[in-house]
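Dear colleague,

Please find below the structure that I am handing over to you. A short account of what was found in it follows.

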Amino acid sequence: MSLVWRLLATLAAGAILTALLVRTAPGYGSNERDLDIRRNGPASSQPSLPWWYSREFHAPIHQLVAQRAMPTALAVTGGLALAWLISLASALASTRWPSRTLENGAFAGAMLLQCLPAGLLALLLLVFGFRGALAVALALALALGPRVWQVSRAILAHAAASPCLLLARAQGFGPWRLIARRLLPLAAPELRALGAVSVTLAISLAIPLETILDVPGLGQLAWQAALSRDLPLLVQLMTLVTLVVVVAGELARSKSA
Amino acid sequence: MKVAAAVLLLLLSLAALSASWIAPDGGQMQFRDHINEPPSSQFPLGTDPLGRDRFARLLSGARISLLLAPAAALLAVLLGAVIGIAAGLRSGWLAHLLSAACDLTLALPWFFLLLTLRALIPIDVAPPVSLLVTFALLGLLGWAGPARVVQAGVHLTLRAPHILALRARGAAPLRVLTRHLLPELAPLLAGQFLALAPVFLLAEANLGLLGLGVSEPMASWGNLLKELESVAVAGPAALLHSWWLLAPLAGLLLSTGSLFILAPREVTP
Amino acid sequence: MSHLVGLLAFLLLAPPPPPQRGGQLHLAVQAEPRSADPHVAADEPSELLAYLTHGVLVRINRLTQLPEPELAQSWKTSPDGKSIAFIIRPAARFSDGAPVTSADVCYSLARILEPKLDSPNGDSLRGAAGAVRCAPEKARVTIAFDKPLASAERWFDGIAILPASGKEKTGAGPFHIKEWQPGAFITLQRNPHYWQRDAAGAALPYLDAVRLDVQRNRDLELMRFEKGELHLVNNLDPDSYNRLRAKGASSAISLGASLDSEQMWFNQSPAAPIPDSKKGWFRTTSFRQAVSLAIRREDLARVVYHGHATPAAGPISPANRLWVNTSLKAPTANPQQALALLRREGFTFSAGVLKDPHGRPVEFSIITNAGNKSRERMAAMIQQDLAAIGIQLRVAPLDFPSLIERITKTFDYDSCLLGLVGSDLDPNGAMNVWLSSAANHQWNPNQKSPATPWEAEIDKLMQTQALAMDPAIRKRAFDRVQAIVAEQAPFIYLIHRNSMVGVSPRLRGVQPALLRPQLLWNVPRLYLQN
């Protein structure tokens with residue numbers, strides 16, 4: 001089965017499953033407007049909208065996605081960049097200057113952050129006055145950073161112990177040159193796989209974070225679509241998410257296998 | 001370190017189990033003349049807006065979290081093991097199907113499954129049952145991670161020299177599976193369990209914060225944490241002023257922390 | 001009383017204006033308006049947007065609750081109530097400068113009555129008036145109805161006048177939409193052609209712009225208000241009100257009981273897929289009365305609303321001065337009396353358990369919308385109150401679409417706790433609640449013929465008040481409706497929450513009202529002081 005076919009099949013399965021879930025979810029087709037006491041009888045069913053129209057927002061879905069992609073893109077890329085920068089830097093630092101105390105301190109810190117639910121991280125950021133896409137990015141960095149750090153540290157430590165690295169060190173490579181020329185290329189496939197996983201995690205975390213932090217991005221849009229049982233919008237958003245997840249998964253497999 | 005974590009976890013579980021004696025009403029009794037009170041000798045952690053004992057609610061919330069999250073983790077690991085072994089023993093289309101299903105499980109709006117299932121159980125049913133269903137669902141949806149790890153583990157084990165030799169000698173596949181493969185995979189499964197239990201603890205808290213978790217009037221760590229929301233925007237000073245609201249957070253930190261410590265370092269969910 | 005004093009003090013302390021021009025009023029709405037089309041507006045943000053950007057022939061003054069001329073400078077109803085004639089104000093202009101004509105009025109009326117548009121106000125008018133004919137003649141427009149319409153002019157507060165050219169975004173209101181950033185904010189700009197002028201002859205509105213931020217999180221909204229980023233907040237919840245008060249801010253104002261009510265009801269629909277034994281309880285008047293008597297309304301008001309609510313006597317809030325039946329009193333909780341009522345029906349109470357005449361323990365569930373803090377808390381309190389008379393109540397919060405499906409389509413529920421937003425003062429606005437044939441007759445909707453004698457009597461009284469032109473006859477009939485509802489308890493009214501608002505000291509000219517939009521109803525005369 002070729003990659004493209006597999007991708008298409010997964011996407012189709014995702015879309016059908018989502019549609020099935022929404023369609024059978026309680027309250028599908030029920031609307032607040034049914035309770036409007038000015039009406040006698042339930043609100044007449046929506047004038048037939050094409051499938052690329054959102055039922056809740058009465059707008060073409062591509063337009064909604066375009067309008068709300070910006071905050072999410074900023075938050076996800078910012079959060080990922082921050083998470084990777086900090087965790088990779090500290091993982092590299094600990095291979096360059098191994099120190100038991102630093103290591104344990106970092107481990108404790110990472111564990112503390114991992115013990116906080118992401119929603120609570122968002123609340124804590126609110127406490128300290130962070131708002132908007134910046135807060136989402138920070139929450140993402142705080143939620144993902146520790147996991148990225150833990151795994152990348154293990155990958156780098158593993159690579160650092162490989163014979164090829166020992167040989168290079170014996171050949172008299174300086175520490176930075178060793179990292180740039182040998183260590184990183186050696187660990188690259190696994191790091192890339194980790195990168196793919198972190199993208200998936202970031203996207204799925206964006207939904208609750210944007211909802212709690214009140215940021216008008218795609219995550220919040222998905223949440224509202226779910227709450228209002230907006231079938232076309234939700235199916236298309238989820239297809240988009242599935243696409244990203246599947247592509248990330250494929251990248252991870254093809255590079256690390 | 002691990003011993004300390006295990007002891008702590010044991011103490012927390014004992015406290016949770018003793019909830020039935022300390023607070024037989026599950027913290028649902030309203031003392032309507034004592035609303036929103038700070039800690040006192042009668043109410044060690046104060047009372048909530050309906051005059052319910054926060055300490056009693058914390059304990060009954062602990063009972064829910066500490067019993068049901070590990071149960072959900074067990075379910076997820078068992079399911080993941082079955083699927084992972086099946087996919088690991090066979091390559092080809094089954095493995096592809098598995099990886100596609102994994103991706104889908106990770107990407108799909110499980111939110112609806114929660115809602116749909118909740119709608120399927122009659123609203124008349126006792127609250128603990130609906131609670132059980134919520135956690136069972138979390139467990140059912142959590143199979144993807146362990147399945148992947150188990151699949152990889154099966155591949156590795158199958159390539160180990162002694163297993164290769166066994167298979168070459170024509171040992172029955174079932175015998176290989178039960179006598180050799182499962183024992184080799186046991187530590188892996190235990191690690192997955194220890195790694196997943198705190199994840200489900202956190203998942204309940206996240207659901208609670210979104211208002212989808214255990215619903216009033218039952219108490220859970222998730223919906224107790226939700227009360228922080230209105231204090232949060234008032235700033236750090238207000239939060240410190242009503243420090244007793246942070247007690248469920250402490251419970252969550254201690255239990256997930258000890259579980260993380262107990263989990264092998266290499267296993268990350 | 002204290003809130004009245006506070007209100008008076010607020011009004012008196014506000015210094016007499018030299019109003020300042022310009023500035024942008026900044027506020028938040030809790031959800032994005034569903035539509036910019038004023039005729040289909042049904043949610044609060046859309047209705048606010050329609051109010052700010054569109055003109056109507058007649059405005060109900062939100063403070064005096066009386067109709068006032070707006071785009072029409074005068075009107076006259078025929079004695080039989082079957083027609084009304086308006087004279088359009090010569091200065092009335094749309095935001096593009098075009099004059100408002102009688103043809104625009106007829107166009108708008110025809111549009112809103114079009115069944116395909118599915119307009120709530122149109123639906124309601126169609127039901128009350130039958131066929132509507134509109135005759136434009138220069139500045140005068142005569143509108144005739146098939147059925148007589150009591151206080152016909154009030155209906156026109158809900159009919160925005162759109163240009164006959166079909167541009168639904170052009171309105172004759174004080175502002176027009178300048179920018180709409182979906183999910184984030186809407187900016188409105190002053191309509192330079194707005195007809196109204198102040199006493200000194202200066203063109204209104206004073207404000208240059210209004211910005212509506214979409215802010216779902218009410219805690220964040222409050223925080224921004226405290227920082228001075230937002231100039232006003234509506235519908236403060238009791239916690240937020242107390243917080244603002246505790247900071248000594250004079251900016252938090254309580255207006256007393258609002259028009260909204262919170263109520264619970266039992267499912268009496270014959271189509272309900274629930275056991276017959278339960279249906280039997282729910283249809284027994286004494287059972288409903290006993291539940292009503294067991295609930296401590298004063299506790300609900302004191303604990304859940306921190307005292308910022310009034311125990312409810314009946315369907316109409318005391319804030320609706322014109323229509324409330326003042327002879328009704330909120331029941332005081334009395335479990336003994338409740339048990340006595342139940343015993344008379346053959347129920348038994350022993351060892352803390354109430355059993356019905358067939359020996360079945362009395363248990364039922366109550367659904368409410370999840371995420372509504374006050375309702376979840378009220379449900380928990382009712383649970384404890386009912387436990388005192390041996391009833392086991394299960395609380396089941398559901399998300400809103402699921403709840404609506406159950407109460408409007410599947411009828412698969414025992415009882416429900418929900419609120420009703422009072423947007424219309426006139427009983428005609430609630431026809432669809434009281435008529436037994438109506439869809440919003442929640443406890444047993446869409447009846448072919450009235451299921452009980454008292455529902456038949458309500459039907460008759462509602463028809464009487466709808467057709468009568470004499471206000472005294474209408475009032476008498478509707479007073480009787482309220483008395484029947486209070487006695488039969490199909491809806492068990494719990495409380496009317498207080499209306500509480502926050503106003504920045506910079507914002508002047510505010511006259512807080514109970515009717516929506518509480519703080520913005522006189523928006524042309526609001527201004528910001530530096």
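In this predicted model, C:S292 lies in helix 8 of chain C, the helix that covers residues 285-294. Is C:S292 buried or exposed? Its relative accessibility is 10%, and because buried means under 20% relative accessible area, C:S292 counts as buried. Leaving aside residues up to four places away in sequence, C:S292 touches C:R297, C:P331 and C:I492. You may wish to locate these three residues, C:R297, C:P331 and C:I492, in the display.

The second topic is the contact between chain B and chain C. To this contact, chain B contributes 24 residues and chain C contributes 33 residues. Together the two chains bury about 2300 Å², and carbon and sulfur atoms account for 53% of that area.

How many salt bridges are there between chain B and chain C? The count is three. One salt bridge joins B:D33 to C:R302, with 3.7 Å between the closest N and O atoms. Between chain B and chain C there are also six residue pairs in polar contact, both residues being at pLDDT 80 or more.

On the side of chain B that touches chain C, helix 5 (110-120) and helix 11 (228-232) of chain B each supply at least two residues. The residues of that side of chain B comprise 13 nonpolar, five polar and six charged ones.

Yours sincerely

Notes
Residues are numbered from 1 along each chain as its sequence is written. Chains are lettered from A and ligands numbered from 1 in the order in which they are written. This is a predicted model: local features need pLDDT of at least 70, side-chain atom pairs count only at pLDDT 80 or more; totals for chains, interfaces and linings use all residues. Side-chain values use heavy atoms; hydrogens and water are left out. Contact means heavy atoms within 4.5 Å. Buried area is the accessible area (1.4 Å probe) that two parts lose on being put together, summed over both. A salt bridge is a side-chain nitrogen of Lys or Arg within 4 Å of a carboxyl oxygen of Asp or Glu. A polar contact is a pair of N or O atoms within 3.5 Å; within protein, one must be able to donate a hydrogen and the other to accept it, and residues adjacent in sequence count only if both atoms are side-chain atoms. Helices (H or I, at least four residues) and strands (E, at least two) are DSSP runs, numbered from the N terminus. Ala, Val, Leu, Ile, Met, Phe, Trp, Tyr, Cys and Pro count as nonpolar, Asp, Glu, Lys and Arg as charged, and the others, Gly among them, as polar. Buried means under 20% relative accessible area, exposed over 50%, partly exposed in between (1.4 Å probe, protein chains only).
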